[in-house]
Number of protein chains: 2
Amino acid sequence: MTPTFAVAEALERCRQAITPALKDAVDRLTPDLRLIASYHFGWTDPAGEPTKAPGGKGIRSALAILSAEACWADPAVGVPGGVAVELVHNFSLIHDDIIDTDSERHHRPTVWSEYGVGAAIVAGDALAVLAHQVLLECSPDRGPAASSALAEATAKMIAGQADDIAFEKRRDVSVEQCTAMSAAKTGALLGCASSIGAILSGAPDAAVMALNDFGLHLGLAFQAVDDLLGIWGDPSTTGKPAGNDLRQRKKSLPVVAALAAAGPEADELRTLLLGEPGTVLAPLDPSQVERARFLVEACGGKEWTAVRAKANLDAALGALERVRLSPVPHRDLADIAVYIVEREF
Amino acid sequence: MTPTFAVAEALERCRQAITPALKDAVDRLTPDLRLIASYHFGWTDPAGEPTKAPGGKGIRSALAILSAEACWADPAVGVPGGVAVELVHNFSLIHDDIIDTDSERHHRPTVWSEYGVGAAIVAGDALAVLAHQVLLECSPDRGPAASSALAEATAKMIAGQADDIAFEKRRDVSVEQCTAMSAAKTGALLGCASSIGAILSGAPDAAVMALNDFGLHLGLAFQAVDDLLGIWGDPSTTGKPAGNDLRQRKKSLPVVAALAAAGPEADELRTLLLGEPGTVLAPLDPSQVERARFLVEACGGKEWTAVRAKANLDAALGALERVRLSPVPHRDLADIAVYIVEREF
């Protein structure tokens with residue numbers, strides 16, 4: 001689904017507020033690190049010449065600015081929060097691409113494949129620290145609380161990533177464990193992004209908590225949709241091979257839900273995806289991907305995950321109703337949530 | 001040189017204060033990350049069974065505690081600072097071992113070679129964030145300033161590491177660039193370690209700055225000695241192959257100083273270490289290492305670096321005299337500095 005006019009406008013307005021501040025932050029890095037970060041954000045080519053490559057959508061920084069506005073603050077109050085969450089998000093992308101040995105992102109070589117693993121590790125580390133510098137310097141009163149909230153969310157995100165790595169080697173991941181992992185890996189930072197502007201505005205705790213809940217549930221919905229796209233997504237939209245998550249035998253939500261079912265189809269899926277204990281597993285071939293995709297759906301994994309995405313979207317929208325927020329940014333937050341979850345799948 | 005009784009006693013006393021707090025911090029990690037961190041610190045074997053492997057000397061955390069005591073505070077005031085710098089130092093070791101593909105540290109497999117590169121990246125990330133959580137939670141008044149100081153030092157350390165990676169590919173590193181790199185890579189965190197206890201004590205800026213200068217110069221002296229050991233150190237003491245830095249053609253201080261000299265010996269050294277422009281360089285063989293070692297000394301690289309180590313030790317000790325510090329921890333700080341710099345080489 002293409003963003004509605006209102007969503008596109010809100011994202012563009014927030015992007016215009018964030019980009020100069022994000023560039024100022026990146027300019028504080030030494031030349032080698034700045035080169036890598038500018039390339040990663042799509043501002044320059046590998047040699048540092050200006051270019052306009054498509055970067056991310058800037059969802060997290062938009063949420064940060066809108067969360068300040070939702071608490072009746074000026075959007076500028078949310079900007080350092082938006083810059084900081086964007087830096088942490090991109091630190092995690094740079095490191096994740098090394099971990100997953102992904103060689104392309106947004107149709108360009110990833111940082112490690114362009115500059116080497118060592119430089120990519122260090123560049124990710126640099127963005128993570130820079131995020132805290134930005135927050136701790138932005139306001140003596142409210143910066144420390146924002147920095148604490150970001151550190152807590154980042155710690156959860158990293159723990160989720162560690163679980164994700166550990167799950168690859170395990171045969172017995174439960175639906176609960178998989179949900180907890182995605183709450184940590186995706187939900188924590190979206191929760192922080194959706195409330196950091198409120199923290200920087202000095203909003204009451206109830207508002208901060210409601211906005212954090214909104215982001216956490218949005219993250220869970222987002223991850224559920226991502227997991228559906230990883231199996232049923234159109235390669236021309238996702239930019240990844242069809243059924244990529246199945247090919248890699250990834251224990252995503254639809255798979256874990258399907259494996260928890262009983263019956264001959266679930267048994268066949270188990271044999272197909274998990275193999276014999278102790279054997280080294282190659283990626284599935286296209287006909288196996290096709291069969292696995294059929295079996296996950298037959299075992300109810302698709303339906304279960306779609307219901308979950310919808311339930312979490314409802315919970316996210318419900319959280320926004322728990323406190324009185326400024327109406328226009330409230331509507332923008334809700335519209336962005338719907339847009340994120342209703343991507344085609 | 002074995003530590004004197006006073007140094008050994010000060011390090012041991014600080015270690016006893018830090019270890020429980022460091023373990024409490026590591027206990028906050030999720031099980032997979034805790035397993036890796038405990039292994040890295042030498043508390044457990046790879047499977048998580050308690051063991052007593054030799055870890056680091058705990059120099060940085062000792063400096064943090066002594067810097068609180070030097071400002072007439074209770075050692076406990078410095079403990080969160082000591083835990084945080086130790087966490088950042090070990091995050092950098094875990095990532096550096098991946099970057100340098102070092103497979104052993106303290107005669108045990110490094111984290112990446114035991115648990116894989118992905119897990120090692122994530123474990124390092126987790127320690128870096130944990131450091132800020134510890135500081136931001138320890139005191140609402142002084143934790144944020146300590147966290148800012150640590151973030152700034154960490155950013156410099158990372159920038160120094162990025163320069164170090166970039167220098168490997170360059171033929172024209174100057175003595176000034178090499179010194180600036182080691183000030184950033186080693187000096188910044190030692191400066192922070194030596195002043196973070198003062199920050200947490202609410203000491204006046206002059207004391208914080210003097211202690212930071214002490215640590216910065218100590219770091220420069222320390223790096224100079226490390227670079228001497230990397231060429232002339234006894235393998236049984238360093239735990240690395242003889243002349244390891246020469247073998248790897250590392251642009252350490254003695255090498256860069258020697259390359260800056262004129263004359264036939266410097267020309268021979270350039271040809272030996274830098275090869276022809278554009279060629280891929282293999283490690284030096286033992287007879288080449290022997291010849292390079294002779295040439296670096298003949299070109300004055302050893303003498304220059306030793307003089308530099310001594311000058312920075314003097315500058316470090318001089319910084320301690322700029323302000324009035326509590327006498328016993330003042331003496332301990334000075335003794336530790338002398339001990340670090342006068343390691344055998």
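Select Leu325(A) and show its contacts: leaving out residues up to four places away in sequence, Leu325(A) touches Ala70(A), Leu320(A) and His330(A). The model you are looking at is predicted. Leu325(A) sits in the loop between α15 (301–320) and α16 (327–341) of chain A. Is Leu325(A) buried or exposed? With 25 other C-beta atoms within 10 Å, Leu325(A) is buried, because the cut-off for that class is 20 or more. Now add Ala207(A) to the selection. Leu325(A) and Ala207(A) are 118 residues apart along the chain, yet 8.0 Å separates their C-alpha atoms.

Next, zoom out to the whole of chain A. Chain A holds 16 helices and two strands. Its radius of gyration is 20 Å, close to the 20 Å that the globule rule gives for 345 residues, so chain A is as compact as a globular protein of that length. Turn the C-alpha trace along its principal axes, where the spans are about 60 × 50 × 35 Å. Colour by burial, and 53% of the 345 residues in chain A count as buried. Contacts can also be sorted by distance along the sequence: of those in chain A between residues at least 6 apart, 72% join residues at least 24 apart.

Colour by confidence before going further. The average pLDDT of chain A is 94, and 99% of its residues score at least 70. For the complex, the predictor gives an ipTM of 0.92 and a pTM of 0.94.

Now select Leu150(A). Which residues does Leu150(A) contact, leaving aside its neighbours within four places in sequence? They are Ala84(A), Val85(A), Val88(A), Ala131(A), Leu135(A), Cys192(A) and Ile196(A). Leu150(A) also belongs to the largest nonpolar core, a set of 233 residues. Ala123(A), Leu150(A), Ala123(B) and Leu150(B) are the residues with the most contacts inside that core. In soluble globular proteins, nonpolar side chains tend to be buried together.

Show both chains. A turn of 180° and a shift of 0.0 Å along the axis lay chain B on chain A with an RMSD of 0.0 Å. That is the relation of a two-fold axis. To find the axis from chain B, select Pro144(B): its C-alpha is the nearest one in that chain, 2.9 Å from the axis.

Stay with the two chains and select the interface. Here 32 residues of chain B are in contact with 32 residues of chain A. On the chain B side, the elements that give two or more residues are α2 (31–40), α4 (75–99), α6 (117–138) and α7 (143–168). Which element of chain B gives the most? It is α7(B), with 14 residues. Colour this side of chain B by residue type to see 19 nonpolar, nine polar and four charged residues. The copies meet through the same surface, because 100% of the interface residues of chain B are also interface residues in chain A.

Two stops in chain B remain. Select Trp72(B), in the loop between α3 (59–70) and α4. Trp72(B) has a phi near 65°, a positive value in a residue other than glycine. With 13 C-beta neighbours inside 10 Å, Trp72(B) counts as partly exposed.

Then move to Arg249(B), in the loop between α11 (244–247) and α12 (253–259) of chain B. Phi of Arg249(B) is near 55°, a positive value in a residue other than glycine. Arg249(B) is partly exposed, with 19 other C-beta atoms within 10 Å.

Key:
Residues numbered from 1 in each chain as written. Chains lettered and ligands numbered in written order. Predicted model: local features only at pLDDT ≥ 70, side-chain atom pairs only at ≥ 80, totals over all residues. pLDDT = per-residue confidence, 0-100. Helix = DSSP H or I, 4+ residues; strand = E, 2+ residues; numbered from the N terminus. Rg over C-alpha atoms; globule rule 2.2 N^0.38 Å. Buried ≥ 20, exposed ≤ 12 C-beta atoms within 10 Å, placed from the backbone. Contact = placed C-beta atoms within 7 Å. Least-squares fit on C-alpha atoms with pLDDT ≥ 70 in both. Nonpolar A, V, L, I, M, F, W, Y, C, P; charged D, E, K, R; others polar. Core = buried A, V, L, I, M, F, W, Y, C linked by C-beta atoms within 7 Å.
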